[in-house]
Amino acid sequence: MKDATIYNTKGEEAGKYKLPEDVFGAPWNADLVHQVVQALQTSVRKTIAHVKDRGDVRGGGKKPWQQKGTGRARHGSTRSPLWVGGGVTHGPTNEKNFARKINQKMKAKALYTLLSRKLKHGEVIFLDSMSLSAPKAKEAKGIISSIGKIEAFKKLAGKKSNALLVAMDKKDALVEKGFRNFGNVQIDEARNLNPVALATYKYVMFVNPAKSVGAISGKIESGKLNSAKLNK
């Protein structure tokens, strides 16, 4: 694979980076990506809908009328699903488990497939480093504006939603706080990258690619991939 350009926070070229074949050379596989993303999203689904069956509804202990002789249908409880105010038959409960098992190597392959497609479409940015002197949004906005001056990433600065996922080589509290108020930017460590996050954000930025990309390289061989953080 050809080398990728590394930029600095001023939008200037700062070097070259040899792209690993296993991460950025995967062929597109729509079925795999759909299966993995859907399974990961389903696994964190919260069970909200819950109904009561006839045993959970309060009251109804007394038989509404005698069994025979009234000319009416037989009933044993006013909490039967046939009655208004009664229980619900076969309704949803919060005991349902939506978790779906996905092979770790499938997750890794889907991750590489998405990264390869984004690289092909010019949606992957490599930054030599990123740091803020203080947790201020002004400095953070300046970095995005500088990156937006690059011809290939002009649309980044003006995109209002789901614009950029920044994969850091290590945790940086100042950077996280500086971008905290940006609804279209997500900061996370590269080792936490997952297919759902890549499918959500258009652009991906690797900070210090030698370490950040290295943190996710070789996942298929090891069969290990960190769980998705889908609550962000």
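**Exercise 1. Place N8 in this predicted model: is N8 buried or exposed, and what does N8 touch?**

Solution.
- Step 1. Take the relative accessibility of N8, which is 15%.
- Step 2. Apply the cut-off: buried means under 20% relative accessible area. N8 therefore counts as buried.
- Step 3. Locate the residue. N8 sits in the loop between β1 and β2 (13-17).
- Step 4. Follow the side chain of N8. The backbone nitrogen of K10 is reached at 3.0 Å.
- Step 5. List the contacts, leaving out residues up to four places away in sequence. They are A14, L127, D128 and I147.

**Exercise 2. Work out which face of α4 is buried and what it packs against.**

Solution.
- Step 1. Pick out the buried residues of α4 (residues 137-147): A140, I143, I144, S146 and I147.
- Step 2. Look down the helix axis. These buried residues fall within an arc of 165°, so they line one face of α4.
- Step 3. Turn to the face away from the buried side. K138 and K141 are exposed there.
- Step 4. Name the packing partners of the buried residues: β3, α5 (154-158), β4, α6 (173-178) and β6.

**Exercise 3. Check the length of α3, then describe its ends and its buried residues.**

Solution.
- Step 1. Compute the expected span. With 17 residues at 1.5 Å a residue, α3 should span 24 Å.
- Step 2. Compare with the model. The end C-alpha atoms of α3 are 25 Å apart, which agrees.
- Step 3. Inspect the N-terminal end. N103 caps α3, with a side-chain oxygen 2.7 Å from the backbone nitrogen of K105.
- Step 4. Move just past the helix. G122 takes a positive phi of about 70°.
- Step 5. Mark the buried residues of α3. Among them are A108, A110, L111, L114 and L115. K107 and K118 are also buried.

**Exercise 4. Which residues touch the most other members of the largest nonpolar core, and which elements build this core?**

Solution.
- Step 1. Start from the 32 residues of the core. F24, L115, F126, L193, L198 and F206 touch the most other members.
- Step 2. Assign elements. Those giving two or more residues are β1 (4-7), α1 (21-24), α2 (30-43), α3 (104-120), β3 (124-127), β4 (164-168), α7 (195-200) and β6 (203-207).
- Step 3. Find the main contributor. α2 gives the largest share, six residues.
- Step 4. Separate the second core. This one has 24 residues, including Y7, L132, I144 and F153.
- Step 5. Set this in context. In soluble globular proteins, nonpolar side chains tend to be buried together.

**Exercise 5. Describe the surroundings of F126 and classify its aromatic pair with F24.**

Solution.
- Step 1. Test burial. F126 is buried at a relative accessible area of 2%, and F24 is buried at 3%.
- Step 2. List contacts of F126 beyond four places in sequence. They include A4, I6, Y17, F24, L119, F206 and V213.
- Step 3. Count the aromatic pairs in the structure: seven.
- Step 4. Classify the F24 and F126 pair. The centres are 5.9 Å apart and the planes differ by 75°, which makes the pair edge-to-face.
- Step 5. Trace the chain. F24 lies in helix α1 and F126 in strand β3, so the pair ties together parts 102 residues apart in sequence.
- Step 6. Contrast W65 and W83. They form a tilted pair, 5.8 Å centre to centre with 45° between the planes. W83 is partly exposed, at 26% relative accessibility.
- Step 7. Return to F126. Y17, F24, F126 and F206 form one aromatic cluster.

Notes:
Residues numbered from 1 in each chain as written. Predicted model: local features only at pLDDT ≥ 70, side-chain atom pairs only at ≥ 80, totals over all residues. Heavy atoms only, no water. Core = buried A, V, L, I, M, F, W, Y, C linked by side-chain atoms within 4.5 Å. Buried < 20%, exposed > 50% of the residue type's maximum accessible area, 1.4 Å probe, protein only. Helix = DSSP H or I, 4+ residues; strand = E, 2+ residues; numbered from the N terminus. Contact = heavy atoms within 4.5 Å. Arc of directions from axis to C-beta. Expected span 1.5 Å × (residues − 1). Polar contact = N/O pair within 3.5 Å; in protein donor to acceptor, adjacent residues only side chain to side chain. Phe/Tyr/Trp six-rings, centres within 6.5 Å; stacked < 30°, edge-to-face > 60°.
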